[in-house]
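Q: Please take a close look at one part of this model and describe its surroundings. An account of the chain as a whole may follow.

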Amino acid sequence: MWDLPQLPAVHQPERIAVVTSGGDAPGMNAALRAVVRTACARGIEVLGAERGYTGLVDNTLRPLSVASVGNILHRGGTMLKSDRSEAFRDPAVRRRVAAHLRTRNVAALVVIGGDGSLTGAHLLSRETGLPVVGLPGSIDNDIHGTEHTIGFDTAVNTALEAIDRIRDTAHSHERVFLVEVMGRSSGILATAIGLAGGAEIILMPDSPVVIDELVTGLTASRQRGKTSSLIVVAEGQDPGFTPDLAQQLSARGHQARGCILGHVQRGGSPTGRDRLLATCLGASAVDHICGGVHDVMLGIRDGRICATALADVISRSRESRTTMLELARMLSN
Ligand code: F6P
């Protein structure tokens, strides 16, 4: 658990708004609940924008009461729905959004989403002066300024549950299984899943695949007595990569099957860790607004809730640690 930073309140807005944007992530609902209930406890009204930035663009916001966020803490997805808005990329549209919000007496906006959404949040704040606080909501864990994003822990656990099942059938048929996971170009999600799932090999999005090396490695592990193997494949290779590779390995004497986990990883009830993270960050977002701190994203660094300038967050990306890949390789021997 993380202590909430104590910020002196310098500003008491009458009304704020909140939006979930981009790919949904388990824990977004928990964050919404914390934002709404913390704000209400401070006497601040909250409006929720529906369908991500599309709701801001279309000016479809609805009041969120304490009761309206009841019974959502444990639910995956987002009660406000989400979207990847093309229209919001246009500066003129963002200016219109800020004008709508000001007309509706909205003094600040909380954005819960991944790096694309946080980029939009920063541009909105910089161009229009609207106070914005971002929260990292993404299964990918690829956002600079936080060690954990909301939804990452759940996605890792969901993939592990699937892998544990796949291991049963891999063991029974003495097969190699290639399991393709999400996580965009960073491969951070794949590294975590591979390490925690005991994968022999983790294929990163940009890693060149040398079939001879794979076959040599699998043959060596068979000679050491392993009868089945797991390869975690990070998404980002060419379409059809995983089934093609499974066929190639089968043709080279290692009976292989591919399994693409896909959007299964984005759904489901958030883990305790994601609920806690979302709750602490959601409550802290309201405190930061009242403390006059904005154009920042809140995240966890060195075990503490920290604010990082959104400009900084979106100018860098988090990479997977090669030490973790080496560890996975060593432990799979
Ligand atoms: O960013 C979250 C994520 O699930 C990525 O891991 C994946 O590449 C992408 O979203 C899929 O997006 P969509 O649901 O729009 O296909």
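A: Apart from neighbours within four places in sequence, Thr146 is in contact with Pro136, Met297, Gly299, Ile300 and Arg318, where contact means heavy atoms within 4.5 Å. The model is a predicted one, in which local features need pLDDT of at least 70 and side-chain atom pairs count only at pLDDT 80 or more, while totals for chains, interfaces and linings use all residues. Residues are numbered from 1 along each chain as its sequence is written, and side-chain values use heavy atoms, with hydrogens and water left out.

Thr146 belongs to the loop between β5 (132-136) and α5 (152-173); helices (H or I, at least four residues) and strands (E, at least two) are DSSP runs, numbered from the N terminus. Thr146 counts as buried because its relative accessibility is 3%, buried being under 20% relative accessible area with a 1.4 Å probe, protein chains only. The side chain of Thr146 also reaches the backbone oxygen of His148 at 2.8 Å.

The helix that follows this loop, α5, is among the elements that cover the buried residues of α6. The others include β6 (176-181), β7 (201-203), β8 (229-234) and α11 (322-331). Helix α6 (residues 188-197) is mostly covered, with seven of its ten residues buried. These are Ile188, Leu189, Ala190, Thr191, Ile193, Gly194 and Gly197. Just after α6, Gly198 adopts a positive phi of about 70°.

Another buried loop residue is Ile44, which lies between α1 (28-41) and β2 (45-49). Ile44 counts as buried because its relative accessibility is 2%. When residues up to four places away in sequence are not counted, Ile44 touches Gln12, Pro13, Glu14, Arg15, Ile16, Ala39, Val286 and Cys290.

For the chain as a whole, eleven helices and eleven strands are found. Of the 333 residues, 53% count as buried. Residues 24 or more positions apart account for 77% of the contacts with a separation of 6 or more. The C-alpha atoms fill a box of roughly 70 × 40 × 30 Å, taken along the principal axes. The radius of gyration of the protein chain is 22 Å, which agrees with the value near 20 Å for a compact globule of 333 residues; the radius is taken over C-alpha atoms, and the globule rule is 2.2 Å times the number of residues to the power 0.38.

Key. Buried means under 20% relative accessible area, exposed over 50%, partly exposed in between (1.4 Å probe, protein chains only). A polar contact is a pair of N or O atoms within 3.5 Å; within protein, one must be able to donate a hydrogen and the other to accept it, and residues adjacent in sequence count only if both atoms are side-chain atoms.
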